[in-house]
Every structure is written in C-alpha cells, then in structure tokens.
Amino acid sequence: FWVSRVCCCRMPIQPSAQQSEAKREHALPQRAMDDEEDALIDNLPTSGDHADLWKVRQIDETAATWAWRFPLSNLNKEEKKQHFSDYLVLADHRWRIMIMDKHFIGGAQAQPAQYWVSIYVDLVEAHNFEPNFHVHAHFAITLRNKDPEKSNHKESSHYFSRNEYDRGFAQFVQLDDCFQPTKGWIHHTVSGQPCLLVEVSVKDESRPHATLRDVIACPRQFGFSAGLRNQGATCYLNSLLQVLYYLSFFRLAVYKMPSAAVETPLGTAASSSRDFTSTSTAPESQSELACRNIPLAMQRVFCQMQLSESAVETRELTSSFGWTSEDAWQQHDIEELMRLLTENLERKMKGIEEVESTFRKFEGRLRAYVKCLNVDYESAHEEPFNELHLCVRDCANIYESLDLEVTPERLDGDNMYDAEVHGKQVADKGTIFLEYPNVLFLHLKRFEFNYLTESQSKINSRFEFYDKITLKPGVRVEAAA
C-alpha cells in the first residue's frame, strides 16, 4: 500500500486504536474475493462434506495462513495419539498441523488429572535434516471460538531441526471444555461430526535474510529492481513506474503489448485538458517521430529494471512522451500522468482480451445519486472510477477522509435541487461505492486553490494512513434507504 500524492492500494487497513467501529462502517465496502480458497477465515462454512483443510491466505511463497477442521471424535483420553493435517508447501518445505490430547497431572498428588489439547506446527523435511541443519520460522496458532473474543491465540518462533522438528503449545485448551457446547469451541462440523477449527500462520524464514545495506548493494539478488535515475524533476514519474513495475500482472501485460506502431505524444490523443507534451514548437524529424513508441519504451524500462545491476535511465520513455530535456525539469501531477499513461497504453491494447483485462483491475463502479427528502424522487446513475480524491483538510486520518466521501451533501436554500415536475426541492447528494478495483489509487488532496492569493497552497497538517485499510460497507443508513 503506497501513499504519496497518489496512493496505490489493494485489499484490507488496520485503524488506530481510537478509531470507533461506527466511524469505520462509513468507509468502503469490502471487495469480493476472487475465489473460495482466498476467503477469510470467518467465511469458512460451518459444515460440509468436502476437505477439512483450507488454505485461507497465501501472503507470498514463504508465508501463508491455513485452517484445519479437526473432528473431536479423534480425541481420546486413553490414547496419546498424534493427528496430522495435510501439508502446505512454503519455500520448498512442507508444513503441517499436529494435534494430540496430552495427559497432565497437577503438582499435588491430590489434584485430579488434567487432559489438554495440544497443538503444534510440524516441519516434515526436518525429520531427515542433517545434524547441524535447521530452518527458522515464525508461527501463530489460533483455536477459534464461536465468540471471537474467546478464541485462543498463541505465537512463537523456533529453529526446526532434526531433533526438534515440531513446535507448539501443550496446554492449549482443556479437553473437557471442547465437548461442552456452552464453551463455544464446537461451531463447525464435517459430515455431521463436530469439529475444532484451528488456524495456523507460518512464515518460513529459511530464505536468505537481507539487511537494507545488502538490498542496496545487490538489489536483484533479493528480488528488487536497481531503481531509476532522476532526470531532474522526474521523481514523481519514477515513483509511478516502480509502483506499476511491482504489480506483476501489469508488468506481464506491458511485455505482451504490440509495439510496432509509432505513437503520438502523450496527452495529445487522450482528449485531456492537461498537456504533457513537449513545450518545443520546432518541427520533428522522422527519426524523432520513430522514437515515440510508448509501449516499446515501457517494455525496455521494465526489462532493464528487471535485469540491470545499476539504476535505469528513463530518457527513452520520456522522449516517447514527446518531452525534451527542459520538460524533465517541470514538475507534473502524478495522478494526471497515471491517467494519461494508462489511456495511451489501453488504446494500444484494444482487441487483446488477455491484456485488456489488465486495466479492468484498476476500475471500480460507483453510484452517484440525488435524493429528495420531501417528495418521492431520486436521480441516480452508475459510472466507473479509477481513483478516489480524498480530502485532507480537517481530516486526521484516511478513515475520516473515506467517511467524508460517503457523507451526503445537503442541497437546500439557494442551492435546492431542481426535481423536474416537483420543482425546487431539498435533497441529499452523495455517492455509493458499489465495487472496488483490485488496485485502487488514492489521491490525497494536499493542494487547494487560495482565492485570496490566487495561487495554489499546500495543506501541511498531520494526516495518518496505514499499511492496510479495511474497505467495509460504508453507505450511511439515510443514503441507502
């Protein structure tokens, strides 16, 4: 989740502690998941006959969260049997959950025996490791309760080795409590059998760990590009290119674009009110026109970012925009540049369904409405959107700005709404966000026009944003009515 003048984000934001639930409800609706295995743990069906192991969230190739519906019938006070889930592969290692019922006796002889459910994380390959070999991992285990506040969560780190191939917690929950419905541990079934729901997260840290100095010295070794050189005032362009480069689906689409045709300068064919073309009025030669191939220039920049050991130049790309060296010293708006660039590339991709679908990942849908308060009349229409322009003034954080986006504006007094046959009416004007894109750009409106000085002024007040945001259903009751 990247925020500057433009914020590129995907999926869920942890609010600060003081954020109220009521305020968060006014934010944005949660985007529907693409498929069932990516659903959140809370969306697991409470019953079913299919597999009892669910991959909940794949963070990357080294980290994931998955869940196991474990039948209570497997627990037996008379046996200390180990039960294993299917395994999940992370960083070329197989990880699985192990559950067993353990028998513990209290300190005093008069105390009755206590039976506990023990839950562990087991590394399959560790059983055959060389004596001095180990894998470090961080893990978390959660036993889900019907009441989320009563769920039992524990986490730890461990060096898994030949002699210590599993790690977990022996006294997780008392066995007798599992069989009592009032305790809330039984709220899932498989084939009619009551089950425990165990959620496990593992971060396999066996891959080489890099410090910031290591990454700067050898970026490609750790999966990073070598960066882009600044031509003068092109920091905004470099930021945008790096964000787009790390969207793997976009990078792949750029590589697949046809790049034979010569392009017109960026902005001239996009019917934009803002001109990003060169300020030079001199006639251009055929060789200069031949350089104006934006898709080809993008492909070359991305390829060099992926393969080069040193910082990459962007002169060929800006030349394809129709810019001169003088234009590289002019600061442009990154949000407007993103719109013009994607419009240009989208025109180039027309007719290629596989590539065209890439840009649909940047597009959401909203419903703009005006609803009269005193008569039964409403005007509404749906339209696509690619970014949200968030107000910064008088907003402490991104949640307050999102709340403001869905707060209706009251049209009254001299500003009453003309409701056709009903005449002038008091009305609410607002927006309902129906669907959010996979990639959402948030534009923080830190600049506004000052009518006293007739110039742009910047809002420098503190504004908080987070690594993750939760886009929950956020239409106010009166707007949804």
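In which loop is the place of Asp394? In this predicted model, Asp394 is situated in the loop that runs between strand β16 (387-391) and helix α11. The residue is exposed, with a relative accessible area of 74%. Its backbone carries a positive phi, near 65 degrees, although Asp394 is a residue other than glycine. Most residues other than glycine have a negative phi. A second case of this kind is Glu454, which is not a glycine and has a positive phi of about 55 degrees. Glu454 belongs to the loop between β22 (447-450) and β23 (455-458), and with a relative accessibility of 64% it counts as exposed.

The two elements that flank the loop of Asp394 may be described in turn. Strand β16 presents a covered face, formed by Leu388 and Leu390, and an uncovered face, formed by Glu387, His389 and Cys391. In a regular strand the side chains alternate between the two faces of the sheet. β16 runs parallel to strand β21 (residues 440-445), and five bridges join the two strands. Within this pairing, Leu390, a residue of the covered face of β16, has Leu444 of β21 as its bridge partner. On the other side of the loop, helix α11 spans residues 398-405, and its buried residues are Ile398, Tyr399, Ser401, Leu402 and Asp403. The N-terminal end of α11 is capped by Asn397, whose side-chain oxygen lies 3.1 Å from the backbone nitrogen of Tyr399. Tyr399 thus appears both in this capping arrangement and among the buried residues of the helix.

An open sheet of four strands was also identified, with the order β15-β14-β20-β17 and antiparallel pairing. Its edge strands are β15 (378-385) and β17 (409-411), each of which pairs on one side only. Neighbouring strands of the sheet are turned against each other by 25 degrees on average, with direction ignored. Strands of a sheet pair through backbone hydrogen bonds, either parallel or antiparallel. Strand β14 (residues 364-372) pairs with β20 in the antiparallel sense over eight bridges, and Tyr369 stands opposite Gly430 in β20. The edge strand β17 is joined to β20 (residues 427-435) by three bridges, and these strands likewise run antiparallel. Here Leu411 is found opposite Ala427 of β20.

The loop between β14 and β15 contains Tyr377. Is this tyrosine, Tyr377, buried or exposed? Its relative accessible area is 18%, and Tyr377 is therefore classed as buried, the limit for that class being under 20%. Apart from neighbours within four places in sequence, Tyr377 is in contact with Val370, Lys371 and Cys372, and also with Tyr417, Ala419, Glu420 and His422. The last of these contacts links separate parts of the chain: Tyr377 and His422 are 45 residues apart in sequence, while their C-alpha atoms are 8.3 Å apart in space.

Attention now turns to helix α4 (residues 235-245). α4 is mostly covered, with eight of its eleven residues buried. These are Tyr236, Leu237, Asn238, Leu240, Leu241, Val243, Leu244 and Tyr245. Among them, Asn238 has a relative accessible area of 6% and is accordingly buried. A polar atom of the Asn238 side chain lies 3.2 Å from the backbone oxygen of Arg229. Not counting residues up to four places away in sequence, Asn238 touches Arg229 together with Leu228, Asn230 and Thr314.

Two packed helices are described by the angle between their axes and the distance between the axes. For α4 and helix α7 (residues 294-307), the angle is about 75 degrees and the axes are 11 Å apart. The two helices, α4 and α7, are therefore roughly perpendicular to each other, a description that applies to angles of 65 to 115 degrees. On the α4 side, the contact is made by Leu241, Gln242, Leu244 and Tyr245, and on the α7 side by Met298, Phe302, Met305 and Gln306. By class, the contact of α4 with α7 comprises six nonpolar and two polar residues, with no charged residues. Leu241, Leu244 and Tyr245 of α4 take part in this contact and are also listed as buried.

Methods
Residues are numbered from 1 along each chain as its sequence is written. This is a predicted model: local features need pLDDT of at least 70, side-chain atom pairs count only at pLDDT 80 or more; totals for chains, interfaces and linings use all residues. Side-chain values use heavy atoms; hydrogens and water are left out. Buried means under 20% relative accessible area, exposed over 50%, partly exposed in between (1.4 Å probe, protein chains only). A polar contact is a pair of N or O atoms within 3.5 Å; within protein, one must be able to donate a hydrogen and the other to accept it, and residues adjacent in sequence count only if both atoms are side-chain atoms. Contact means heavy atoms within 4.5 Å. Axes are lines fitted to C-alpha atoms, for helices over the stretch in contact, and angles run from 0 to 180 degrees between N-to-C directions. Angles under 35 degrees count as roughly parallel, over 145 as roughly antiparallel, 65 to 115 as roughly perpendicular and the rest as oblique. Ala, Val, Leu, Ile, Met, Phe, Trp, Tyr, Cys and Pro count as nonpolar, Asp, Glu, Lys and Arg as charged, and the others, Gly among them, as polar. Two strands pair if DSSP finds at least two bridges between them.
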